[in-house]
Amino acid sequence: MLDDMLDYLEHRREQPVWQPIPQEVRNAFREPLPQQPSDLATVHATFMRDILPFAVGNTHPGFMGWVHGGGTAVGMLAEMLAAGLNANLGGRDQMPIEVERQVTQWMRELFGFPAAASGLFVTGTSMANLIAVLVARTAALGTAVRQAGIATGARQLVAYTSAGAHGCIAQALDLSGLGIDALRVIPMNDHYQMDAHALEQAIAADRRAGCTPFFIAGTAGTVDVGAIDDLTALADIAARESLWFHIDGAYGALGMLAADIAPRLAGIERADSIAFDFHKWLQVPYDAGFILARDGTLHHSTFAAPAAYLRRESRGMAAGSPWPCDFGPELSRGFRALKTWFTLKVYGTTHLGRMIAGTCALAQYMQRRIERLPMLELLAPVALNIVCFRYRCDDPDRVNADIVVALQEAGIIAPSATTLNGRFAIRAALVNHRTRTQDVDALLQATLDFGAALSHDPPMRKTS
Ligand SMILES: Cc1ncc(COP(=O)(O)O)c(C=O)c1O
């Protein structure tokens, strides 16, 4: 199994990025609950034949869809060790929790957070954003809200984020009981950043209307175009208005590791909480999200709950309190910290920072090439490592949507799609550390070829 997976990663470029799952494979795979044992080798053979070839393909250098990390063999091996250990990181006195605490300490160091800051591994940034909203809710309403709920509160809390924010911010408002209507969606400027002036006006209007502003969610690396909000301006507004300043840094926050990106994240050190993923730019295998909160005591008081069966001691296995389960809704938790610790230790932050910067350099290369190709149009400024563009033609929304599907089905290169200012965009997120200029060239050439074929234009000449 180990040989198969190492070979798979080594020869990934030679296989399709993605391929449609044949109906026969789906049909043959379905079976009743197995009552009798099967031979391990047979089950493994089924994995190799029916599962492995039909994954979404984010390990492939040609994968540019959504914002997915590429994983590494190092992370895979660490995951194997973690699975063998089968540690439950909800709590108790065990070294795996020290690993999580070590990574938390490194994150405090990276983001300039104080020693009292708390950190917690979670599935991903969606969960981390929800935790941030809940801690901010405690800050605004006190811990009594945990008992009484928000229905009894006289104050109507309102939150702010930009039109470019990820949908999980609205979901966090929903799940926290505050409701999606409590989220004010602030327009963006020409750089796809939250319009700071519009934010101030919205806060003032809410105060006049008797609402209680409590939370600003800035974004470091928007999902559509990779824009970074002006974090210093947002931190200033949050300080002036006494609001919680949260940053959704799902993939962009770890740009702190890259010397040329870190200055553009200035202001991140002033956040009350930061949500981000190690499974995106840091290439840690899925899943490994993280929440960092400046006020660890407040974070603790948002989740900790006494329970006889989780009794703490000063000695023995039940020592070492507080436990990770005191900082989030999950009691049973896997050892996500190990693959992250391995990744940071084995590669070191200098190398990882260069890798991150490399994906941005690739995006700049792609932008320059698009600007020189008259049949292609850039649809948004390239802030980090996401490039949004389209093929010029009549009926561009239909043709470009067809191009994206054709590219994915061809299996050579796989971008995803989004809509920017009402215009369909081909979106290439260059997150994978295996992607090279040849993959960018392949995407552009295939876009021109499919664009010509699908819009019935004459075939294009080679681009390079
Ligand atoms: C800006 C942003 N926020 C949140 C998320 C959600 O993160 P996750 O999928 O890890 O829950 C993403 C995912 O791409 C994102 O780009």
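This section describes the overall fold of a predicted model of a protein chain and then selected residues within it.

The protein chain contains 14 helices and 12 strands. Its C-alpha trace spans about 70 × 65 × 45 Å along the principal axes. The radius of gyration is 24 Å, which agrees with the value near 23 Å that a compact globule of 464 residues would have. Of these 464 residues, 52% count as buried. Among contacts in the protein chain with a separation of 6 or more, 73% are made by residues 24 or more positions apart. The accessible surface of the chain comes to about 20,800 Å², and carbon and sulfur atoms account for 56% of that area. The chain carries 39 positive and 46 negative charges, and the mean positions of the two sets are 3 Å apart.

Two residues of strand E5, which covers residues 212-219, were examined. Thr212 is placed in this strand and has a relative accessibility of 16%; because the threshold for burial is under 20%, Thr212 counts as buried. When neighbours within four places in sequence are left aside, Thr212 is in contact with Arg155, Gln156, Leu157 and Val158. Phe215 is also found in strand E5, and its relative accessible area is 1%, so that Phe215 is classed as buried. Beyond its neighbours within four places in sequence, Phe215 is in contact with Ala132, Val133 and Ala136, with Val158, Ala159 and Tyr160, and with Leu243, Trp244 and His246. Val158 thus appears among the contacts of Thr212 and among those of Phe215. The C-alpha atom of Phe215 is separated by 43 Å from that of Asp441, a residue 226 residues apart from Phe215 along the chain.

Ser455 lies in the segment after helix H14, which comprises residues 437-454. With a relative accessibility of 14%, Ser455 counts as buried. The side chain of Ser455 reaches the backbone oxygen of Gly451 at 2.6 Å. Outside the four nearest places in sequence, Ser455 is in contact with Tyr391, Cys393, Val399 and Phe450.

The backbone geometry was considered next. Most peptide bonds are trans, and most residues other than glycine have a negative phi. Against this background, the peptide bond from Tyr286 to Asp287 is cis, with omega near -10°. Asp287 is placed in the loop between strand E7 (273-277) and strand E8 (289-293). A cis peptide bond also joins Ser321 and Pro322, for which omega is about 0°. Pro322 is found in the loop between helix H11 (296-303) and helix H12 (336-372).

Positive phi values occur at Arg92 and Gln283, neither of which is a glycine. In Gln283, phi is about 70°, and the residue is placed in the loop between E7 and E8, the loop that also holds Asp287. Gln283 is buried, with a relative accessible area of 1%. In Arg92, phi is about 80°. Arg92 is found in the loop between helix H4 (73-85) and helix H5 (95-111). With a relative accessible area of 28%, Arg92 is partly exposed, whereas Gln283 is buried.

Notes: Residues are numbered from 1 along each chain as its sequence is written. Side-chain values use heavy atoms; hydrogens and water are left out. Helices (H or I, at least four residues) and strands (E, at least two) are DSSP runs, numbered from the N terminus. The radius of gyration is taken over C-alpha atoms; the globule rule is 2.2 Å times the number of residues to the power 0.38. Buried means under 20% relative accessible area, exposed over 50%, partly exposed in between (1.4 Å probe, protein chains only). Contact means heavy atoms within 4.5 Å. Accessible areas come from the Shrake-Rupley method with a 1.4 Å probe; for residues, only the protein chains shown count as cover. Lys and Arg count as positive and Asp and Glu as negative; His and the chain ends are not counted. The place of a charge is taken as NZ of Lys, CZ of Arg, CG of Asp or CD of Glu. A polar contact is a pair of N or O atoms within 3.5 Å; within protein, one must be able to donate a hydrogen and the other to accept it, and residues adjacent in sequence count only if both atoms are side-chain atoms.
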